[in-house]
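Reader: I am new to this structure and should like to understand the terms used to describe it. May I put some questions about how each description is justified?

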Amino acid sequence: MVGRIQIRPMTEADADRVGKVGFAAWAANPVLNDFGTDMPDRVRSAFRDFADTGSKVILVAESDGEIIGWTARDGEADYVSDLWVDPDHQGRGAGRALLEHVFSVMRREGIERARIATHARNVAAIRLYERCGFVLVWRGMERSEAMQMDVEKVHLEKAL
């Protein structure tokens, strides 16, 4: 059983765990990691580098003192750039809690819509986003800087 989920800003001391959670979530999803043998090293580095520099935009979900997930708003103010939950804690409310917290922050900032994107075959993420009120608005090929390749993506939006 997961304890109460608390959302808070990431601190510099959290960077290593945040990078590990992001990579673990990516690695556990066969849709996201079926791109070749050198991909894991590039993605692991991308998560570590982002966590090291992203403390101003990253929020973490904590349960029983352990970071179990995180989200980021990197880029435009209405864009949720990242949502990653440790595979051992997926399906227990951390993703929804992170998104609901971000929506609350966005509303306070006067933002009227939230945007998010994911791999087009990431059915579990798309299902979560739709349960949180997002609607699919675009599907097509897009460049992934972290993976250094084009991937099929979907874009979703939610009115706040």
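Author: Please do; note at the outset that this is a predicted model. A pairing of two strands may serve as the starting point: Val80 stands opposite Ile116 in S6.

Reader: What makes S4 and S6 a pair of strands?

Author: Strand S4 (residues 79-80) and S6 are joined by 2 bridges in the parallel sense. The definition asks for at least two bridges, so the two strands count as paired.

Reader: In which sense do S6 and S8 pair, and over how many bridges?

Author: S6 and strand S8 (residues 149-159) pair in the antiparallel sense, over 7 bridges. One of the partnerships joins His119 to Lys153 in S8.

Reader: Why is strand S6 described as largely enclosed?

Author: Of the 7 residues of strand S6 (residues 113-119), 6 are buried, so the strand is largely enclosed by the rest of the structure.

Reader: How many aromatic pairs does a search of the whole structure find?

Author: The search finds 6 aromatic pairs. Among them is the pair of Phe47 and Trp70, with 6.2 Å from centre to centre and 90° between the planes. The limit for the centres is 6.5 Å and an angle over 60 degrees counts as edge-to-face, so Phe47 and Trp70 form an edge-to-face pair. This pair links distant parts of the chain, with Phe47 in helix H2 (residues 39-53) and Trp70 in strand S3 (residues 66-72), 23 residues apart.

Reader: Why are Phe47 and Trp70 called buried?

Author: Buried means under 20% relative accessible area. Phe47 has 7%, so Phe47 is buried. Trp70 has 0%, so the term applies to Trp70 as well.

Reader: What makes the pair of Phe47 and Trp84 edge-to-face?

Author: The ring centres of Phe47 and Trp84 are 5.0 Å apart and the planes stand at 90°, so the pair is edge-to-face. Here too distant parts of the chain are linked: Phe47 belongs to helix H2 and Trp84 to strand S5 (residues 82-85), 37 residues apart. Trp84 is buried, as is Phe47. Ring pairs join Phe47, Phe50, Trp70 and Trp84 into a cluster.

Reader: How do you know that the reach of helix H1 is close to the expected value?

Author: Helix H1 (residues 15-28) has 14 residues and reaches 20 Å from its first C-alpha to its last, while 20 Å is expected at 1.5 Å a residue. Buried residues of H1 include Val18, Val21, Phe23 and Trp26.

Reader: Is Asp14, in the loop between strand S1 (5-9) and H1, buried or exposed?

Author: Asp14 has a relative accessible area of 9%, and the limit is 20%, so Asp14 is buried. Apart from residues up to four places away in sequence, Asp14 touches Arg8, Pro9 and Ile67.

Reader: What makes the approach of Asp14 to Arg8 a polar contact?

Author: The side chains of Asp14 and Arg8 make this contact at 2.7 Å. That value lies within the 3.5 Å allowed for a pair of N or O atoms.

Reader: Why is Ile126 called buried?

Author: Ile126, found in helix H4 (residues 123-131), has a relative accessible area of 14%; this is under 20%, so Ile126 is buried. Leaving aside residues up to four places away in sequence, Ile126 touches Thr118, His119, Ala120 and Val154.

How values were computed
Residues numbered from 1 in each chain as written. Predicted model: local features only at pLDDT ≥ 70, side-chain atom pairs only at ≥ 80, totals over all residues. Heavy atoms only, no water. Buried < 20%, exposed > 50% of the residue type's maximum accessible area, 1.4 Å probe, protein only. Helix = DSSP H or I, 4+ residues; strand = E, 2+ residues; numbered from the N terminus. Phe/Tyr/Trp six-rings, centres within 6.5 Å; stacked < 30°, edge-to-face > 60°. Expected span 1.5 Å × (residues − 1). Contact = heavy atoms within 4.5 Å. Polar contact = N/O pair within 3.5 Å; in protein donor to acceptor, adjacent residues only side chain to side chain.
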